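Q: I'm new to this one, so could you take me through a single part up close? I'd like to hear about the packing inside, and then a little about what sits at the surface.

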Amino acid sequence: MMKGEEGAPLRVICAGHVNWDVTLRVDRLPEPDGEACIADQYQSGGGSASNVAVALAGLDASPLLLGSVGRDENGWLVRRELEDAGVETALVETDGETAVKYLVVDDSGELLMFGNDGANEAYAAADLSKRQLTAADHLHLTSQRPETAAELAHTAEEAGLSVSFDPGRRLADRDFAETICRTDLLFCNEREATVLREDGFADAVSTLVIKQGSGGATVFDGGREVYHPGFAVDPVDTTGAGDAFAAGFLVARGDDLERALAVGNACGALAARTPAPGSRSSGGTSRRCWTSGQARGDTGGCNKLT
């Protein structure tokens with residue numbers, strides 16, 4: 001496992017969205033003007049930065065979450081859930097409402113997402129203190145205002161921290177050029193990788209990791225291309241699975257790339273078969289990710305996690 005200085009837990013600042021998720025499990029995703037049956041519903045904390053921080057805590061890393069919430073009940077629920085998960089927070093409170101995302105998930109784990117930004121981009125780079133920055137080993141950025149991400153990446157670079165970035169679904173709609181140019185490790189899915197290649201940014205980072213869902217993941221590092229096929233699971237809810245992957249990869253990247261991919265894929269696979277990211281906060285799932293990745297990282301085929 002990758003460690004901070006003198007064997008201390010890896011200290012990772014996660015900066016980005018902090019949401020409250022409302023999930024409806026349905027028998028199928030309906031066509032336009034169609035109808036589906038609600039089988040279950042639940043609520044939990046969400047947002048990519050929050051999801052990664054929770055998964056890191058479960059992997060015995062030491063995350064600090066920078067984001068923003070409203071002074072409302074959902075903001076209080078988010079804070080309580082993060083505290084229970086062992087995540088230290090630097091959350092800015094605003095008079096706006098905590099961002100709420102509404103997720104509709106079918107029996108195969110596929111989902112639709114609706115929501116508003118709420119208060120989840122009310123923080124600024126200045127809300128991260130110099131003490132917090134210098135105490136960290138790594139900065140992980142997720143979707144946020146481009147100017148905030150760029151300033152955080154610049155500050156981290158000056159402090160000697162490595163930087164990873166997972167821009168998410170809005171990559172094509174926002175100008176993250178400056179942030180990408182200051183990024184050491186870039187996470188994306190296959191659709192986002194196409195956007196990066198079209199914009200000429202795929203070669204702008206030293207390490208590019210493409211998450212391929214049930215198809216595993218591929219890392220491009222210098223002249224190397226390494227692929228891991230992933231682990232076969234019966235998905236329950238794929239929300240946050242990519243964030244769990246990123247957490248596993250970050251913790252394991254002190255080892256070889258094959259092992260880092262295996263641990264990331266194990267974390268993502270186990271998260272996909274668990275309802276809602278917030279219910280994964282106990283750490284048991286994440287620790288099983290690490291064990292599974294270590295035990296099965298060198299096998300050639302797609303493994304079945306039990």
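A: Let's warm up at the surface, bearing in mind that this is a predicted model. Tyrosine 102 has a relative accessible area of 44%, so this residue counts as partly exposed. You'll find tyrosine 102 in strand 6, which covers residues 100–105. Together with Leu112 and Phe114, Tyr102 makes a nonpolar surface patch of about 310 Å².

Now for the inside. The largest nonpolar core is built from 44 residues, and Leu65 and Phe249 are the ones with the most contacts inside it. Helix 7, running over residues 241–252, gives this core its largest share, with eight residues.

Phe249 is a good place to zoom in. Setting aside neighbours within four places in sequence, phenylalanine 249 touches Leu185, Phe187, Val209 and Val219. The rest of that list of contacts for phenylalanine 249 is Leu257, Ala260, Leu261 and Gly264.

There's also a second core, separate from the big one, with 31 residues. Among its members are Leu64, Leu66, Ile180 and Val195.

One last stop: the cysteines. The structure has zero disulfides. Cysteine 14 is buried, because its relative accessible area is 0% and the buried class means under 20%. Cysteine 37, on the other hand, has 47% relative accessibility, so this cysteine counts as partly exposed.

Methods:
Residues numbered from 1 in each chain as written. Predicted model: local features only at pLDDT ≥ 70, side-chain atom pairs only at ≥ 80, totals over all residues. Heavy atoms only, no water. Patch = residues over 30% accessible without salt bridge, like charges linked within 9 Å, V, L, I, M, F, W, Y side chains within 5 Å. Areas by Shrake-Rupley, 256 points an atom, 1.4 Å probe, with all protein chains shown as cover. Salt bridge = Lys/Arg side-chain N within 4 Å of Asp/Glu carboxyl O. Helix = DSSP H or I, 4+ residues; strand = E, 2+ residues; numbered from the N terminus. Buried < 20%, exposed > 50% of the residue type's maximum accessible area, 1.4 Å probe, protein only. Disulfide = S-S within 2.5 Å. Core = buried A, V, L, I, M, F, W, Y, C linked by side-chain atoms within 4.5 Å. Contact = heavy atoms within 4.5 Å.
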